[in-house]
Protein chains: 2
Amino acid sequence: MPQGKVESVPQDGLTTRQRRNQPVLAVHTGPGKGKSTAAFGMAMRAWNQGFDIGVFQFVKSAKWKVGEEQTMLALNELHERTGVGGPVEWHKMGQGWSWLRRTDGAEQDHAEAARDGWREIARRLSAEQHRFYVLDEFTYPLKWGWIDVDEVVETLRARPGNQHVIITGRDAPQALMDAADLVTEMTKVRHPMDAGRKGQRGIEW
Amino acid sequence: MPQGKVESVPQDGLTTRQRRNQPVLAVHTGPGKGKSTAAFGMAMRAWNQGFDIGVFQFVKSAKWKVGEEQTMLALNELHERTGVGGPVEWHKMGQGWSWLRRTDGAEQDHAEAARDGWREIARRLSAEQHRFYVLDEFTYPLKWGWIDVDEVVETLRARPGNQHVIITGRDAPQALMDAADLVTEMTKVRHPMDAGRKGQRGIEW
């Protein structure tokens, strides 16, 4: 079990406490399972510390990860009613971000929707709106060139205060990994779908 | 995003639904972070489906993962009060399993404690007591020879009903991985401790 042993102490003029309380940028990437799931597991810890949590899912289907969403929203209700834990906001691109209610019924271009999502996150980072952000599946709009990686890295580097950001998705751009404090790659060793099994209730969603 | 595409359909005489509802044995191993965290993220999904959850932590220190524990127990209370989600039991080896209250004050041998934990889990599997089990850090007593791997694999293979089991920890024995439906290896790419930073509130616990 990890016991918090550090491998080297940097000459950065910071005390252990100052260094400890630096904001974390974590990236969960790789072809295996558990990237988002581990991010939501981290959100459970953050919730228990009373952190304000913002989840932003860059996914097309609103059906995916409904289990985590329902549970995190249950934790938000518990917080609102009892004061235990922290507040949770859950936003998804799905049928359009909640803060952009289109009245013309037109379907938004996905690249445009992804950029709208990122702009909102950048605004919130600047305003220190949340303490813990999950940018779920955010590597895809970066990979597809919809959002500029360098701008994202610069915005994350310049974010004020102590805001933690967890980014998930395959094929994280190198510049993003270089900027991260914590990068974990999930490797698929074996998956039930290899044996012709589809996802199931309580396991996949 | 995964769309549930299967790579091959096995000739096992099962319908897709039968195959889908087979119990899952998952192993999260490797030197990277996220093994336990992803298991607890899965537990959030299981909770949302109303599954009965049993967590068994094979750890010495009771301080570790207190964030996940508090949050899962908050979800259990929410279930008890409102009926939403499922019940959660959380057991840890720490200062001794809760079902073994030693009155003689003697400290239990760790190997013996680990074996006691496994015997209780085997009993519960046989009784179909839970629907979703997390055996956290369970690879260590296997690795150290405290618990017989073949017996574990045989007990898991023979478990009745539809009980999902998630096992976490480094260096999972090959026989366990061979028996698993889902194996994910978490690889460490970069960790803040490399840069002399210790764990922090809301991120590490």
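**Exercise 1. Is strand S3 (residues 88-92) of chain B mostly covered or mostly uncovered, and how many of its five residues are buried?**

Before we start, keep in mind that this is a predicted model.

Step 1. Here, a residue is buried if its relative accessible area is under 20%.
Step 2. Go through S3 of chain B with that cut-off: four of the five residues are buried.
Step 3. So the strand, residues 88-92, counts as mostly covered.

**Exercise 2. Work out how S3(B) pairs with strand S2 of chain B.**

Step 1. Take S2, residues 53-57 of chain B, and look at its bridges to S3(B): there are five, in the parallel sense.
Step 2. Now pin down the register. B:Ile53 sits opposite B:Val88, and B:Gly54 faces B:Glu89.

**Exercise 3. Place S3(B) in the whole sheet and find the edge strands.**

Step 1. Walk across the strands. The order runs S3(A)-S2(A)-S4(A)-S5(A)-S1(A)-S6(A)-S6(B)-S1(B)-S5(B)-S4(B)-S2(B)-S3(B).
Step 2. That gives an open sheet of 12 strands with mixed pairing.
Step 3. The edges are S3 (88-92) of chain A and S3 of chain B, each pairing on one side only.
Step 4. How are neighbours turned against each other? By 15 degrees on average, ignoring direction.
Step 5. Add the helices. H2(A) packs on the sheet, touching S1, S2, S3, S4, S5 and S6 of chain A, and its direction makes about 165 degrees with that of S4(A). Over in chain B, helix H2 (residues 35-48) touches S1 to S6 of chain B, and its direction makes about 165 degrees with that of S4(B).

**Exercise 4. Describe how H2 of chain A and H3 of chain B are arranged.**

Step 1. Two numbers do the job: packed helices are described by the angle between their axes and the distance between the axes.
Step 2. For H2(A) (residues 35-48) and H3(B) (residues 66-82), the axes come within 8 Å and cross at roughly 80 degrees.
Step 3. Angles of 65 to 115 degrees count as roughly perpendicular, and therefore H2(A) and H3(B) are roughly perpendicular to each other.
Step 4. Check who meets whom. Met44, Arg45, Trp47 and Asn48 of chain A meet residues of H3(B), among them B:Val66, B:Gln70 and B:Met72.

**Exercise 5. Track down the aromatic groupings and the charges over rings.**

Step 1. Count the aromatic pairs over all chains: 14.
Step 2. Pick out a cluster in chain A: A:Phe58, A:Trp97, A:Trp118 and A:Phe138 form one.
Step 3. Look for arginines over ring faces. A:Arg131 lies over A:Phe51, 4.1 Å from the ring centre, and B:Arg131 lies over B:Phe51, also at 4.1 Å.

Terms used: Residues are numbered from 1 along each chain as its sequence is written. Chains are lettered from A and ligands numbered from 1 in the order in which they are written. This is a predicted model: local features need pLDDT of at least 70, side-chain atom pairs count only at pLDDT 80 or more; totals for chains, interfaces and linings use all residues. Side-chain values use heavy atoms; hydrogens and water are left out. Rings of Phe, Tyr and Trp (its six-membered ring) pair if their centres lie within 6.5 Å; planes under 30 degrees apart count as stacked, over 60 as edge-to-face and the rest as tilted. A charge sits over a ring if NZ of Lys or CZ of Arg is within 6 Å of the ring centre and within 35 degrees of the ring normal. Buried means under 20% relative accessible area, exposed over 50%, partly exposed in between (1.4 Å probe, protein chains only). Helices (H or I, at least four residues) and strands (E, at least two) are DSSP runs, numbered from the N terminus. Two strands pair if DSSP finds at least two bridges between them. Axes are lines fitted to C-alpha atoms, for helices over the stretch in contact, and angles run from 0 to 180 degrees between N-to-C directions. Angles under 35 degrees count as roughly parallel, over 145 as roughly antiparallel, 65 to 115 as roughly perpendicular and the rest as oblique. Contact means heavy atoms within 4.5 Å.
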